[in-house]
Amino acid sequence: MVKVLTYEDGIAAVYGGTILGGGGGGLLEEGLKLVEEIFAVGAPQLMDISELSNDDLIACVAMVGAPSAANQYISNEQLCWSFSKMNSYMTNRLKGIITNENGAITTINGWLQSVLLHVPVVDAPCNGRAHPTGIMGSLNLHEQQHYQSVQFYAGGKNKWAIQGFVEGDLQNTAKSVRHASVLAGGMVGVTRNPVTISYLKEHGAPYAISDAIALGYSFLKGQTMDEKLENVMRQLNGVHIVSGKVTDYSLTKDNGFDVGKLSVEDFSLTVWNEYMTLAKAGTIHSKFPDLLMTFDTESMRPVPSASIKEGMHVAVIQVDQSHLKLSTTMKNAALLAEIDEVIGAVR
């Protein structure tokens with residue numbers, strides 16, 4: 001089945017995606033702005049993965065960079081350039097677009113390209129929640145012998161404008177694109193890593209876009225913050241951990257990532273784009289890929305890590321990873337080991 005998405009679906013996708021972003025995945029305001037841009041030019045199509053043959057090829061579109069970067073910029077032309085160049089590069093043309101993860105912007109990654117290039121978005125992102133590294137959104141392809149990663153990227157404006165193409169080992173190409181995002185002022189749009197539908201079914205997160213849309217509708221239906229949180233908890237089988245003022249908030253950019261920490265009452269959270277750990281009295285109670293998320297109780301909106309302010313009153317929720325649609329990368333011990341290396345200094 002192919003569904004023609006509505007403007008209301010777009011708004012719900014941004015809110016649901018923000019929650020499933022777990023602190024990352026882009027800024028809510030930017031996601032809502034992008035919805036306006038998308039539906040001003042047309043309606044994207046969301047395709048059920050069962051409509052495609054196992055041998056059909058798709059490619060992932062993603063935003064790579066630090067969500068808090070002040071000089072980030074990606075134009076519609078740059079987004080379409082990266083996908084069109086990938087499609088031209090392939091011997092067999094791509095049958096659809098997938099996004100790398102759920103998030104305020106990342107859930108709707110590819111929607112604009114879908115409208116402008118008349119290509120469907122396939123309802124099977126690489127991951128059902130947001131994650132910090134490109135490798136985590138690459139379907140464990142780095143463990144496939146002889147797989148060569150192909151990535152086209154573009155972003156930035158004026159003196160920061162950059163576009164390019166890399167091919168090679170997946171770890172190296174991911175690092176190259178991450179470096180390009182720094183040169184571009186903080187963010188690049190990427191089309192990368194074509195795979196077959198059969199591989200995507202095994203390693204990705206089928207129907208996680210539909211889940212994000214349903215979650216957004218559920219959140220928006222609530223009239224009060226308590227109702228909104230109750231709806232989210234019911235949908236995700238989550239737990240409301242604590243509400244209170246943000247203290248000890250710090251966030252710095254490190255090699256194209258946001259790295260930091262914050263406290264709410266007697267709980268502390270660490271950040272590597274997304275929330276990584278939840279601890280109390282030095283004991284970790286929850287760790288990525290569990291979903292940790294903050295909500296601004298005054299504006300009654302989900303608020304990612306890059307939008308947190310010292311003194312903001314927030315509610316913190318936690319969802320066990322067993323209740324999420326996740327990529328096989330979220331069980332890859334080598335990839336998850338990077339977390340301790342990055343956040344060890346900020347705890």
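1. Two strands pair if DSSP finds at least two bridges between them. Keep that in mind for what follows. The model is predicted.

2. Start with β9 and β10. Strand β9 covers residues 239–254 and strand β10 covers residues 257–264. The two run antiparallel, joined by seven bridges. One residue pair to look for is S250 and K261: K261, in β10, is the bridge partner of S250.

3. Now the sheet around them. This is an open sheet of eight strands, paired antiparallel. Its order is β13-β12-β11-β10-β9-β16-β14-β15. At the edges stand β13 (283–287) and β15 (301–302), and each pairs on one side only. Helix α1, residues 7–20, packs on the sheet. The helix touches β14 (291–296) and β15. Its direction makes about 125 degrees with that of β14.

4. Next, a hairpin. Strands β6 (residues 149–155) and β7 (residues 162–168) pair in the antiparallel sense, over seven bridges. Y153 stands opposite G164 in β7. Six residues lie between the two strands of this hairpin. Look at G156 there: it takes a positive phi near 85 degrees.

5. Last, one residue in a loop. N332 sits between β16 (313–319) and α9 (333–343). Is N332 buried or exposed? N332 counts as buried because its relative accessibility is 6%, and buried means under 20%. Leaving aside neighbours within four places in sequence, N332 is in contact with N140, H142 and E143. With E143 there is also a polar contact, side chain to side chain, at 3.0 Å.

Key
Residues are numbered from 1 along each chain as its sequence is written. This is a predicted model: local features need pLDDT of at least 70, side-chain atom pairs count only at pLDDT 80 or more; totals for chains, interfaces and linings use all residues. Side-chain values use heavy atoms; hydrogens and water are left out. Helices (H or I, at least four residues) and strands (E, at least two) are DSSP runs, numbered from the N terminus. Buried means under 20% relative accessible area, exposed over 50%, partly exposed in between (1.4 Å probe, protein chains only). A polar contact is a pair of N or O atoms within 3.5 Å; within protein, one must be able to donate a hydrogen and the other to accept it, and residues adjacent in sequence count only if both atoms are side-chain atoms. Contact means heavy atoms within 4.5 Å. Axes are lines fitted to C-alpha atoms, for helices over the stretch in contact, and angles run from 0 to 180 degrees between N-to-C directions.
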